[in-house]
Amino acid sequence: MIHAVIVGIDAYQDASIPRLSCARSDARALHGLLERRIPSGERNVVLLEDERATRRNIMATIGDELPSIVEAGDTVLLYFACHGSPERRSSRDRRSLYLIPHDTDYQRIYATAIDMDRDVPGWLERLSEAGAKLVVLLLDTCFSGAAGGRTFTGPVLQSSPKIPGYLEFDDPDPLTFRDLDLGQGQAIFSAADRDQVAMENLGVGHGVFTYHLLKALTKKRDGARTVHLGVLYAEVCDDVRTATGERQEPVLSTRLKNARLPCLA
């Protein structure tokens, strides 16, 4: 069974957080691809957009509901298209990295956002303990705090002294993946490095990372039914670097053994 939780947030409850343009369309495109190409009996796909993508809903869906239905050997995909933010818990702390749900309070990011160092490892641990064989986290967001992409700087970090040393399509019939070995482990596939911006391309209506990820997932591969995650990363990374003039380079962090994703062409 392939489980997926797909989050796309353009609109934010707090007017201090800039609106995005393509995050929701990114999430809908990936959701639609999985729904069309994987038979209903082999998938469980949840889409959380804008007002539904609150911190409470995201934490409950991934941290509570998903571990209760995952069975031994299952694959889990977690996808986020939204803002990310670097922030400090206080003016004396090092920077922490946060995913920004719809209801994040700009003045209280530590209390209302999703901590990459605290919350995300908890998800991975709970899913692994539930029996998930492979967990892949896809992030079309960034944490540089720079203008022009899916990021902003939190108020505590913005007002505190600098601390050196921490910068961080007609579809054919659905495919069956029931008998495929997708490998095992955990991976985080991020749209950009910590000092870069995850860009949106209004011309194609997608984030640059997601646009090329979708192209790679739907690429015909001479009859192959899976694509090795390392191959997928290399293709997406090359395409994103080219599309952005090398201003954006995806990053893959892994603890994997022969991990693959289904070919969805």
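**Notebook: aromatic pairs and a helix contact**

I looked up two aromatic residues and found that Phe 80 is buried, as is Trp 123. I note that the model I am reading is predicted.

Entry 1, aromatic pairs. I searched the whole structure and recorded three aromatic pairs. I then examined the rings of Phe 80 and Trp 123, whose centres are 5.8 Å apart. Their planes lie at 5 degrees, and planes under 30 degrees apart count as stacked, so I entered this pair as stacked. I next asked where the two residues sit in the chain. Phe 80 belongs to strand S3 (residues 75–81), and Trp 123 belongs to helix H4 (residues 119–130). The two are 43 residues apart, and I therefore noted a link between distant parts of the chain.

Entry 2, aromatic cluster. I recorded one cluster formed by Phe 189, Phe 209 and Tyr 233.

Entry 3, two helices. I began with a general point: a pair of packed helices is described by the angle and the distance between their axes. I looked up helix H1 (residues 23–37) and helix H6 (residues 208–217), and their axes come within 10 Å and cross at roughly 15 degrees. Angles under 35 degrees count as roughly parallel, so I described H1 as roughly parallel to H6. I also recorded that the crossing of H1 past H6 is left-handed.

Which residues make the contact? From H1 I listed Asp 26, Ala 29, Leu 30 and Leu 33, and from H6 I listed Thr 210, Leu 214 and Leu 217. Sorted by class, the contact of H1 with H6 has five nonpolar residues, one polar and one charged.

Notes: Residues numbered from 1 in each chain as written. Predicted model: local features only at pLDDT ≥ 70, side-chain atom pairs only at ≥ 80, totals over all residues. Heavy atoms only, no water. Axes fitted to C-alpha atoms, helices over the stretch in contact; angles between N-to-C directions. Helix = DSSP H or I, 4+ residues; strand = E, 2+ residues; numbered from the N terminus. Parallel < 35°, antiparallel > 145°, perpendicular 65-115°, else oblique. Left-handed = near helix turned anticlockwise from the far one by under 90°. Contact = heavy atoms within 4.5 Å. Nonpolar A, V, L, I, M, F, W, Y, C, P; charged D, E, K, R; others polar. Phe/Tyr/Trp six-rings, centres within 6.5 Å; stacked < 30°, edge-to-face > 60°. Buried < 20%, exposed > 50% of the residue type's maximum accessible area, 1.4 Å probe, protein only.
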